[in-house]
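User: Hi, could you walk me through this structure? I'd like to begin with the ligand and then look at the empty spaces and the fold.

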Amino acid sequence: MNLTVAITGASGAVFGREMLRALEADARVERVYFVASENALRVVAEELGVSGRNDLLAKLLGAEPVKTVQLSENDIGAAIASGSHPSGGMIVLPCSMGTLAAIANGLADGLIARAADVTLKERRPLILCVRETPFNRIHLRNMTLAAEAGAVIFPCIPAFYYKPADSTEMARQFVDRVLGHIGLAQPGAYVWKGEE
Ligand SMILES: Cc1cc2nc3c(=O)[nH]c(=O)nc-3n(C[C@H](O)[C@H](O)[C@H](O)COP(=O)(O)O)c2cc1C
């Protein structure tokens with residue numbers, strides 16, 4: 001399976017980092033195409049203390065990437081910009097309201113919005129992990145538009161019943177939920193057992 005992961009300028013860079021780490025470690029995934037928006041770099045620097053576009057992947061992964069390749073947001077001719085390129089889907093994590101608006105309205109003006117547009121037209125899974133609070137009506141309308149076009153609105157709202165020890169564990173469990181949703185159930189994922 002090939003997957004595309006985009007990180008945009010919403011808060012929650014730790015979620016994106018944990019997603020990249022999980023996919024690098026998942027033997028079922030052959031190739032991960034990674035795109036960071038210009039504004040994501042600002043938030044990644046702010047929240048994770050990782051700065052610059054050079055070696056961004058290695059810095060986020062904590063090791064040289066094996067299967068993940070970084071593409072430029074300006075590279076509108078990249079493979080993932082075409083529906084003819086096979087893909088198992090796309091995850092935008094975190095997804096800003098700006099990128100949500102671009103996707104919901106079919107702007108396709110940069111690689112992230114174009115790859116999302118392609119994912120929708122090819123009827124492949126598009127997971128938008130939106131992050132903002134509170135939502136205004138424009139955000140709510142755009143989420144509805146995107147959902148009606150086939151996207152899954154998967155807000156960055158972690159659960160707390162598994163008592164995460166820190167923000168990394170919280171993000172990892174959220175990532176497990178996203179990957180479980182697209183058929184990549186993770187071995188260490190928390191499963192609620194109810195009253196057995
Ligand atoms: C530290 C920081 C946190 C931000 N958090 C959010 C957020 O949670 N949600 C959001 O929609 N925008 C947030 N923004 C604003 C976006 O970065 C901004 O709207 C940007 O234009 C989004 O661009 P992009 O979608 O191309 O990444 C944040 C900006 C900064 C600097």
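Analyst: Before the contacts, one term is useful: a polar contact is a pair of N or O atoms within 3.5 Å. Please also keep in mind that this is a predicted model.

User: OK, so which atom of arginine 131 lies 2.6 Å from a nitrogen atom of the ligand?

Analyst: On the side of arginine 131 the atom is a backbone N or O, and 2.6 Å separates this atom from the ligand nitrogen.

User: What about serine 96 and glutamate 132, what do they face on the ligand?

Analyst: Serine 96 places a polar side-chain atom 2.5 Å from an oxygen atom of the ligand, while glutamate 132 has a polar side-chain atom 3.3 Å from a nitrogen atom of the ligand. As for how covered the ligand is, it exposes 640 Å² when taken alone, and the protein buries 67% of that.

User: How many residues surround it, and which are closest?

Analyst: The ligand is surrounded by 13 residues, and the closest of them are Gly9, Ser37, Ser96, Thr99 and Arg131. Sorted by class, this shell consists of seven polar, three nonpolar and three charged residues.

User: Which helices supply at least two residues of that shell?

Analyst: Those are helix H2, residues 38-48, and helix H4, residues 97-104, and the largest share of the shell, three residues, comes from H2.

User: Switching to empty space: how big is the largest pocket, and what lines it?

Analyst: The largest pocket has a volume of about 270 Å³. Its lining is made of 17 residues, and Tyr161, Tyr162, Gln173, Arg177 and Tyr190 are the ones that lie nearest its centre. By class, 13 of the lining residues are nonpolar, two are polar and two are charged.

User: And how many cavities of 30 Å³ or more are there?

Analyst: The count comes to one cavity of 30 Å³ or more, and about 80 Å³ of space lies in the largest cavity. Among the residues that line this cavity are Thr4, Ile80, His85, Met90, Val118 and Arg124. The lining has four nonpolar, six polar and one charged residues.

User: Which helix gives the largest share of that lining?

Analyst: That is helix H5, residues 111-121, which contributes three residues to the lining of the largest cavity.

User: Now the fold: in what order do the strands of the sheet come?

Analyst: The open sheet has six strands in the order E3-E2-E1-E4-E5-E6, and their pairing is parallel. Its edge strands are E3, residues 68-71, and E6, residues 152-153, each of which pairs on one side only.

User: How many bridges join E5 to E6?

Analyst: Two bridges join strand E5, residues 126-130, to E6, and the two strands run parallel. Within this pair, leucine 128 stands opposite isoleucine 153 of E6.

User: One last topic: where are the cis peptide bonds?

Analyst: One cis peptide bond joins leucine 93 and proline 94, with an omega of about -5°, and proline 94 lies in strand E4, residues 90-95. Another joins threonine 133 and proline 134, with an omega of about -10°, and proline 134 is found in the loop between E5 and helix H6, residues 137-148.

User: And what is the phi of alanine 108?

Analyst: Alanine 108 has a positive phi of about 50°, although this residue is not a glycine, and alanine 108 sits in the loop between H4 and H5.

Key:
Residues numbered from 1 in each chain as written. Predicted model: local features only at pLDDT ≥ 70, side-chain atom pairs only at ≥ 80, totals over all residues. Heavy atoms only, no water. 1 Å grid on protein atoms, 1.4 Å probe; cavity = no way out; pocket = protein on both sides within 12 Å on 5 of 7 lines; lining within 4 Å. Points joined across faces, edges and corners; volume = space filled by probe spheres on them. Helix = DSSP H or I, 4+ residues; strand = E, 2+ residues; numbered from the N terminus. Nonpolar A, V, L, I, M, F, W, Y, C, P; charged D, E, K, R; others polar. Near = heavy atom within 4 Å. Polar contact = N/O pair within 3.5 Å; in protein donor to acceptor, adjacent residues only side chain to side chain. Areas by Shrake-Rupley, 256 points an atom, 1.4 Å probe, with all protein chains shown as cover. Pairing = 2+ DSSP bridges.
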